[in-house]
Amino acid sequence: MSRFLSSPMTASIVGCPFSGGQPRVGVDQGPIRLVEAGLIQQLTGLGWKVKFDGHHQFEDINATADPPIGILKNPRLVARVTEAVAKAVGAHAKKGELPVTLGGDHSLAMGTISGTLDAHPDACVIWIDAHADINTVETTESGNIHGMPVSFLLGLGSTIPEFGWVKPVLKPERIVYIGLRDVDAGEKRILKENNIKAFSMHDVDRYGIGKVVEMALDHVNPTRDRPIHLSFDVDALDPSVAPSTGTPVRGGLTFREGHYICEAIWETGLLVALDLMEVNPSLADVASVKQTVAIGCSLVRSALGETLL
């Protein structure tokens with residue numbers, strides 16, 4: 001059972017068909033495909049009460065006049081959408097529901113994690129990803145904001161008025177990474193300077209996934225009493241497992257390693273929010289898309305209590 005969720009346990013699906021944090025088309029179709037694949041029925045089958053009132057369309061967010069700020073692309077659009085997501089996630093979390101945010105690109109996490117921390121100020125973040133997503137305004141080479149959400153949450157780098165709503169409430173000791181394998185030079189420096197704990201694929205190879213998850217939890221949640229926000233980018237998985245994603249990098253987590261992480265976090269009884277990001281149904285052949293969407297659903301089920309026995 002969960003320590004922080006109300007009874008009956010309610011999963012609130014926050015569908016975010018949003019792609020503004022990166023340049024590849026199609027990632028906005030991820031949430032729709034996950035729901036079409038039967039995710040809601042699957043969670044109901046696990047005993048959850050599921051709330052889903054349709055995908056957030058963000059039509060009221062007008063950012064047609066959205067020139068770059070420095071090299072940051074779509075800054076006003078990303079700022080407004082993530083703020084709307086923060087409010088939605090925070091509202092669900094404050095009711096004792098478990099927000100399950102389906103992305104969309106990973107820039108959304110500055111919204112989801114802000115919402116979680118608004119409801120659970122002492123929560124910690126477990127970030128599963130091939131990438132650290134911690135570039136600042138100064139270090140980003142692409143200007144794609146999906147590579148920057150963690151720096152905004154930590155308050156690193158120059159401030160941008162448009163993102164003034166993002167409060168730097170995440171502390172460096174409250175986030176841990178698993179699965180990193182494609183980290184920019186500037187990001188490596190940021191991780192070291194801020195003493196942020198990260199387990200790369202090298203660590204997964206060395207220790208095995210069970211030990212890595214235990215060490216990650218020991219770091220951010222040593223007495224196992226803090227709420228956990230799990231933010232899972234499907235590109236953490238090897239492209240042979242989840243091919244249909246925007247920035248695939250070889251040498252990633254296996255199917256079982258990805259699922260083990262989700263199962264182990266659920267077993268703590270501390271999960272209060274889940275993100276599943278960067279499923280992009282337009283980037284592969286039909287079979288690969290179907291496989292990636294099925295794995296996305298399967299990861300969500302594992303994080304919400306599905307077990308092998």
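Let me begin with a term: a residue is called buried when its relative accessible area is under 20%, and by that cut-off buried residues make up 60% of the 309 residues in this protein. Please keep in mind throughout that what we have on the screen is a predicted model.

Turning to the overall fold, the secondary structure of the protein comes to 10 helices and 8 strands. The radius of gyration is 17 Å, and because that is close to the 19 Å which the globule rule gives for 309 residues, the protein is as compact as a globular protein of that length. If you take the principal axes as your frame, the C-alpha atoms fill a box of roughly 50 × 40 × 40 Å. As for how the chain meets itself, among the contacts with a separation of 6 or more, 75% are between residues that lie 24 or more positions apart.

A few words on the surface and the charges. The protein exposes about 12200 Å², and carbon and sulfur atoms supply 52% of that area. There are 27 positive and 36 negative side chains, and the centres of these two sets lie 3 Å apart.

Now I would like to take you to strand β1, which spans residues 10-16 and in which 7 of the 7 residues are buried. Which residues cover its two sides? On one side sit Thr10, Ser12, Val14 and Cys16, on the other Ala11, Ile13 and Gly15, and all of them are buried. The strand also has pairing partners: β1 runs parallel to strand β2, residues 49-51, with 3 bridges between them, and Thr10 has Lys49 as its bridge partner in β2. With strand β3, residues 98-103, the sense is again parallel, and here 6 bridges make the connection; in this pair, Ala11 is matched with Leu98 of β3.

From β3 we can move on to helix α4, residues 109-119. Why do I describe this helix as largely enclosed by the rest of the structure? Because 9 of its 11 residues are buried. The buried ones are Ala109, Met110, Gly111, Thr112, Ile113, Ser114, Gly115, Thr116 and Leu117. What do these residues pack against? Their partners are the helices α3 (75-94) and α5 (149-154), together with the strands β3, β4 (124-128), β7 (228-233) and β8 (271-277). Strand β3, then, is a place where the two parts of this talk meet, since β3 is joined to β1 by 6 bridges and is also among the elements that the buried residues of α4 pack against.

Methods: Residues numbered from 1 in each chain as written. Predicted model: local features only at pLDDT ≥ 70, side-chain atom pairs only at ≥ 80, totals over all residues. Heavy atoms only, no water. Helix = DSSP H or I, 4+ residues; strand = E, 2+ residues; numbered from the N terminus. Rg over C-alpha atoms; globule rule 2.2 N^0.38 Å. Buried < 20%, exposed > 50% of the residue type's maximum accessible area, 1.4 Å probe, protein only. Contact = heavy atoms within 4.5 Å. Areas by Shrake-Rupley, 256 points an atom, 1.4 Å probe, with all protein chains shown as cover. Lys, Arg positive; Asp, Glu negative; His and termini not counted. Charge placed at Lys NZ, Arg CZ, Asp CG, Glu CD. Pairing = 2+ DSSP bridges.
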